[in-house]
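The following exercises concern strand pairing, core packing and ring contacts. Please work through each task before reading its solution.

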Amino acid sequence: GEEDVHALQPTARRAIRELRLARNGPSFNGAACATLLAPPRSATDGTLALTSLALSFNPLGPNGGIALGAALSAARLPHLEYLQLQGCALGAAGVAAIARGLPSSLALAHLDLSDNAASDEGVSALAAELPAVPSLLELLLGQNQLGNAAAHALATALVKRSSGGRRGGSRLRLLSLAHNHLRNAAAVALADALSAEPPDGN
């Protein structure tokens, strides 16, 4: 929980490159997440060395998403490539907060937001930022109560990526939307958008 995170020496928190804290129980909540990502008071440079952060199945809630979004927006995680947040109860507000930090996540390649009750609202906010994250290759959004609105927002974002708007970039290698409520037309729109993206490296 938060007390355990405080026990980590500031220098250790800044130097860790891979951190796996999945399934740490009810005490690892939004406040603990905020403490983990806060810049050490003694440091002039608030950035963290993390390249991989796995926090799945902790009750981070919307506040945890807001803390993560703030850290991303402030470029405190410039090297982060892998972010796993499955089953963290982020909700639409938490997912939207993380989405706002994505344009500052220049190294992020894998983002797992499965099972977070993101809804169309949260994923539409995420989709709006996807064209600004050309590094992203794998996006997992299964079991998020998504409908056609989210699917069409994602399709539009993928087309923008392919056209080079807001940095452009390589195509998604993996998009998971399992266990949602998509209708055939939305699925077809997504398939068309994915097939329209440029080959990797272009």
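**Exercise 1.** Determine how many bridges join strand E5 to E6, and place this pair within its sheet.

*Solution.* The model is a predicted one. Step 1: strand E5, residues 138-140, is joined to E6 by 3 bridges, and the two run parallel. Step 2: within this pair, Leu 139 stands opposite Leu 175 of E6. Step 3: the open sheet consists of 6 strands with parallel pairing, ordered E1-E2-E3-E4-E5-E6. Step 4: the edges are occupied by strand E1 (18-20) and strand E6 (174-176); each has a single partner strand, so one side of each is left without a neighbour in the sheet. Step 5: on average, neighbouring strands of the sheet are turned by 5° against each other, direction ignored.

**Exercise 2.** Identify which residues touch the most other members of the largest nonpolar core, and which elements contribute to this core.

*Solution.* Step 1: the core has 50 residues, and Leu 53 and Leu 85 touch the most other members. Step 2: two or more residues each come from helices H3 (30-37), H4 (61-73), H5 (91-101), H6 (119-129), H7 (148-163) and H8 (184-196). Step 3: H7 provides the largest share, 6 residues. Step 4: leaving aside residues up to four places away in sequence, the contacts of Leu 85 include Leu 55, Leu 60, Leu 68, Leu 90, Ile 98 and Leu 113. Polar residues are also among the contacts of Leu 85, including Ser 56, Asp 112 and Asn 116.

**Exercise 3.** State how many aromatic pairs the structure holds, and find which residue lies over the face of Phe 57.

*Solution.* Step 1: the number of aromatic pairs is 0. Step 2: the face of Phe 57 is covered by Arg 23, at 4.1 Å from the ring centre.

Conventions
Residues are numbered from 1 along each chain as its sequence is written. This is a predicted model: local features need pLDDT of at least 70, side-chain atom pairs count only at pLDDT 80 or more; totals for chains, interfaces and linings use all residues. Side-chain values use heavy atoms; hydrogens and water are left out. Rings of Phe, Tyr and Trp (its six-membered ring) pair if their centres lie within 6.5 Å; planes under 30 degrees apart count as stacked, over 60 as edge-to-face and the rest as tilted. A charge sits over a ring if NZ of Lys or CZ of Arg is within 6 Å of the ring centre and within 35 degrees of the ring normal. A nonpolar core is a set of buried Ala, Val, Leu, Ile, Met, Phe, Trp, Tyr and Cys residues joined through side-chain atoms within 4.5 Å. Buried means under 20% relative accessible area, exposed over 50%, partly exposed in between (1.4 Å probe, protein chains only). Helices (H or I, at least four residues) and strands (E, at least two) are DSSP runs, numbered from the N terminus. Contact means heavy atoms within 4.5 Å. Two strands pair if DSSP finds at least two bridges between them. Axes are lines fitted to C-alpha atoms, for helices over the stretch in contact, and angles run from 0 to 180 degrees between N-to-C directions.
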